[in-house]
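Please explain how this protein chain is arranged, from its enclosed spaces and core to its paired strands and open pockets. The explanation should suit a student in the first year of study.

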Amino acid sequence: MGSGLTVLVVLNGDIDSAFLAQQLATADRVVAADGGAAAVTAAGGVCDVIVGDGDSLDESEFTQARAANPDVEIRRFPTAKDATDAELALRTALEVDPDHIVVVGAFGGARLDHELANVMLLANPRWRDRDVVLADGRREVRLVTGRIEIHGRAGDIVTLLAVGGPVGNVHSNGLRYELAGHGLEVGTSLGASNELTGSSATLEVGSGMLLIVHEYGSGAD
């Protein structure tokens with residue numbers, strides 16, 4: 001059983017300040033990866049920990065983050081390292097054994113490789129069975145290895161993608177195209193552009209890892 005805590009991890013991608021402020025209001029702990037600290041300060045929040053190599057946080061932004069919380073913990077890493085700042089931030093978030101981890105700033109930015117790597121981090125065995133979600137106010141991305149409830153509105157797009165190997169025995173309730181023990185293969189688009197028929201749906205995965213991309217208020221292609 002976890003600690004009951006929600007940890008907010010803020011990365012250096014595209015961030016809606018109003019959405020970030022909402023997440024800051026409900027977070028028990030805030031971990032920022034480099035430039036994510038500047039976004040936290042701009043949204044009126046404070047960082048508990050800042051991790052990274054410092055390449056996207058200038059001295060003035062660092063000073064502002066420290067002024068907002070003089071007790072902020074700084075964890076500096078060399079530029080040449082074996083993990084991205086995002087992965088280091090998630091490792092840090094896991095230290096308090098949280099029930100929920102919300103990651104903001106995982107999408108967009110100048111680096112497509114980092115955006116893809118951020119999504120694939122969901123499959124990391126350290127936290128892939130935990131409640132970790134990448135969110136920006138318009139979409140949520142999470143990995144499922146068991147059962148999950150999806151909440152939104154009728155018409156929201158829900159795409160299901162197999163990660164790391166085939167996904168077997170998938171059951172759904174509340175999607176336009178229901179799955180009744182179906183399997184999904186890596187590299188296929190069978191699970192793309194499904195949608196909610198009401199305010200919620202349930203999904204259960206028998207085996208494998210299923211990536212869920214939930215787009216709010218989107219229309220199907």
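In this predicted model, a search of the whole structure finds one cavity of 30 Å³ or more. The space in this largest cavity amounts to about 30 Å³. Which residues line the largest cavity? They are Leu11, Ala86, Leu90, Val103, Ala106, Asn118, Leu121 and Leu134. By class, seven of the lining residues are nonpolar and one is polar, while none is charged.

Several of these names return when the nonpolar core is considered. The largest nonpolar core has 31 residues, and those that touch the most other members are Val9, Leu11, Leu90, Ile101, Val103, Leu134 and Val141. At least two residues of this core are supplied by each of the following elements: E1, E2, E3, helix H4 (85-94), strand E5 (100-104), strand E6 (131-135), strand E7 (139-144) and strand E12 (200-215). The largest share, six residues, comes from H4. Leu11, Leu90, Val103 and Leu134 thus belong both to the lining of the largest cavity and to the core members with the most contacts to other members.

Helix H4 deserves a separate look. How many of the ten residues of H4 are buried? Nine of them are, and the helix is accordingly described as mostly covered. The buried residues of H4 are Asp85, Ala86, Glu87, Leu88, Ala89, Leu90, Thr92, Ala93 and Leu94. Charged side chains are also found in this list, including Asp85 and Glu87. An α-helix has 3.6 residues a turn, so residues three or four places apart point the same way. Within H4, Ala86 and Leu90 both line the largest cavity.

The next topic is the pairing of strands, beginning with the strands E1, E2 and E3. Strand E1 (residues 6-10) and E2 run parallel and are joined by four bridges. One of the pairings links Val7 with Arg29, its bridge partner in E2. Between these two strands the chain passes through helix H1 (residues 17-26), and this β-α-β crossover from E1 to E2 is right-handed.

On to the pairing of E2 with strand E3 (residues 49-52): these two are also parallel, over three bridges. Here Val31 has Val49 as its bridge partner in E3. The chain reaches E3 from E2 by way of helix H2 (residues 36-42), in a β-α-β crossover that is right-handed. Strand E2 thus pairs with E1 and with E3. Why is strand E2 (residues 29-33) described as largely enclosed by the rest of the structure? Four of its five residues are buried, so the strand is largely enclosed. In a regular strand the side chains alternate between the two faces of the sheet.

Attention now turns to the pockets. The largest pocket has a volume of about 470 Å³. It is lined by 24 residues, of which Asn12, Ser56, Asp85, Arg111 and His114 are the closest to its centre. Two helices, H4 and helix H5 (112-120), each supply at least two residues of this lining. The most comes from H5, with three residues. The lining of the largest pocket consists of seven nonpolar, ten polar and seven charged residues. Asp85, named above among the buried residues of H4, is one of the residues closest to the centre of this pocket.

The second largest pocket holds about 260 Å³ of space. Its lining has 15 residues, and Glu140, Arg142, Glu149, His151 and Tyr216 are the closest to its centre. Two or more lining residues are given by each of E5, E6, E7, strand E8 (147-151) and E12. Which element gives the most to this lining? It is E8, with four residues. By class, the lining of the second largest pocket comprises eight nonpolar, three polar and four charged residues.

Finally, two residues have an uncommon feature of the backbone to consider. Phi of Asn169 is near 55°, a positive value in a residue other than glycine. Asn169 is found in strand E9 (residues 157-173) and is partly exposed, with a relative accessible area of 42%. Ser193 likewise has a positive phi, near 60°, and is a residue other than glycine. Ser193 lies in the loop between strand E10 (180-184) and strand E11 (194-195). With a relative accessible area of 23%, Ser193 is partly exposed.

Notes:
Residues are numbered from 1 along each chain as its sequence is written. This is a predicted model: local features need pLDDT of at least 70, side-chain atom pairs count only at pLDDT 80 or more; totals for chains, interfaces and linings use all residues. Side-chain values use heavy atoms; hydrogens and water are left out. Buried means under 20% relative accessible area, exposed over 50%, partly exposed in between (1.4 Å probe, protein chains only). Two strands pair if DSSP finds at least two bridges between them. A crossover is right-handed if, with the strands pointing away from the viewer, the path from the first strand over the helix to the second runs clockwise. On a 1 Å grid over the protein atoms alone, a cavity is a set of points where a 1.4 Å probe fits but cannot get out, and a pocket is an open set with protein on both sides within 12 Å along at least five of seven lines; lining residues have an atom within 4 Å of a point. Grid points are joined across faces, edges and corners, and a volume is the space filled by probe spheres set on the points. A nonpolar core is a set of buried Ala, Val, Leu, Ile, Met, Phe, Trp, Tyr and Cys residues joined through side-chain atoms within 4.5 Å.
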